[in-house]
Amino acid sequence: MKLLLMAAAAGVLMAGGLLLIAPVVILAATVAPPSGAVGDTSDALAADRTAGGPGPVIAGDVACPIGRPHHFTDTWGAPRSGGRAHQGVDIFADTGVPLYAYRAGTVRLTSSRLGGISLWITSEGGDRYYYAHLSGYAPGLQTGSRVEVGDLVGFNGNTGNARATPPHLHWEVHPGGGPAVNPTPYASAACRGATP
Ligand SMILES: [Zn+2]
């Protein structure tokens, strides 16, 4: 009887030990090793360059539509397949970098052969913003969802006709819901933390 109790107690201890070990392993896996020496003043900058960066850059009523790090140039009007002219700005970043609502508005989810997984945001005043080539949408986002400036709407990718290119956000600006205008100045201003 005494032996059985001891065995049971040992079993509990072992189970407890396993339970104790499990969180330690999880902690070890989730705490990333420091990328630089302790006290290195570049640590903050290094963190800022991690995928997705520290969150959306919001300035007033607009937000940079994509997290950091990213890069883009002005390719407005550049030739595209089928004789088309480029109607947006291609903002290159790793797959999975968060995409943010440039302005508050209402979302419509779409998909097409060219745009792949894509969405529109329509502001209260009727300005429209197009996001294409996503790898996926923000959890719970639906057509009709209301978003505030800087809200997560999806993740960068290369769906649609971008599948053979490096992942990027194709982003369009349609003032008043009309024809697209060159979005590069909008992106430049918003992503540098200043209003256009
Ligand atoms: Zn594009």
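Two strands are said to pair if DSSP finds at least two bridges between them, and helices (H or I, at least four residues) and strands (E, at least two) are themselves DSSP runs, numbered from the N terminus. With those terms in hand, the tour can begin.

**Before you start**

The structure on your screen is a predicted model, in which local features need pLDDT of at least 70 and side-chain atom pairs count only at pLDDT 80 or more, while totals for chains, interfaces and linings use all residues. When you type a selection, remember that residues are numbered from 1 along each chain as its sequence is written.

Select the whole chain and show it as a cartoon, where you can look for three helices and 13 strands. A residue is called buried if 20 or more other C-beta atoms lie within 10 Å of its own, exposed if 12 or fewer, and partly exposed in between, with the C-beta atoms placed from the backbone; of the 196 residues, 30% count as buried. Two residues are in contact if their C-beta atoms, placed from the backbone, lie within 7 Å, and among contacts between residues at least 6 apart in sequence, 61% join residues at least 24 apart.

**Stop 1: a small open sheet**

Select strands 6, 12 and 10, three strands that form an open sheet in the order 6-12-10 with antiparallel pairing. Strand 6 and strand 10 (136-137) stand at the edges, each with a single partner strand, so one side of each is left without a neighbour in the sheet. Strand 10 and strand 12 are joined over two bridges in the antiparallel sense, and if you pick Gly 136 you will find Phe 155 of strand 12 standing opposite.

**Stop 2: strand 9 and its partners**

Next select residues 128-134, which make up strand 9. Six of the seven residues of this strand are buried, so strand 9 is largely enclosed by the rest of the structure. Add strand 8, which pairs with strand 9 in the antiparallel sense over five bridges, and look for Ile 117, whose bridge partner in strand 9 is Leu 134. These two strands form a hairpin with five residues between the strands, and there Gly 126 takes a positive phi near 100°. Now add strand 13, which runs antiparallel to strand 9 and is joined to strand 9 by five bridges; in strand 13, Val 173 is the bridge partner of Tyr 129.

Before leaving strand 9, which residue other than glycine has a positive phi, near 75°? The residue to click is His 133, whose phi is near that value. Most residues other than glycine have a negative phi, and most peptide bonds are trans. His 133 counts as buried because 25 C-beta neighbours lie inside 10 Å.

**Stop 3: the largest nonpolar core**

A nonpolar core is a set of buried Ala, Val, Leu, Ile, Met, Phe, Trp, Tyr and Cys residues joined through C-beta atoms within 7 Å. The largest one here has 35 residues, and those with the most contacts inside it are Ala 63, Tyr 131 and Val 153. The largest share of this core, five residues, comes from strand 9. Select Val 153 and show what surrounds this residue: leaving aside residues up to four places away in sequence, Val 153 touches ten residues that you can label, among them Leu 99, Leu 119, Tyr 131 and Val 147.**Stop 4: helix 3**

Select residues 184-191, which form helix 3, and colour the buried ones: Tyr 186, Ala 187, Ala 190 and Cys 191. Seen down the axis of the helix, these buried residues fall within an arc of 110° (the arc of the directions from the helix axis to the C-beta atoms), so they line one face of helix 3. They pack against strand 1 (58-59), strand 2 (62-63), strand 5 (89-92) and strand 13 (168-174).

**Stop 5: three places in loops**

Go to the loop between strand 2 and strand 3 (79-80), where Pro 69 lies. A cis peptide bond joins Arg 68 and Pro 69, with omega about -5°.

Then select Gly 160, in the loop between strand 12 (152-155) and strand 13. Gly 160 counts as partly exposed because 18 C-beta neighbours lie inside 10 Å. The C-alpha atoms of Gly 160 and Leu 114 are separated by 4.7 Å, although these residues are 46 residues apart along the chain. Not counting residues up to four places away in sequence, Gly 160 touches several others, including Ser 112, Gly 116 and His 133.

Finish at Gly 177, in the loop between strand 13 and helix 3. Is Gly 177 buried or exposed? Gly 177 counts as exposed, because 12 C-beta neighbours lie inside 10 Å. Outside the residues up to four places away in sequence, Gly 177 touches Gly 126 and Arg 128, and the C-alpha atoms of Gly 177 and Tyr 129, 48 residues apart in sequence, are 8.6 Å apart in space.
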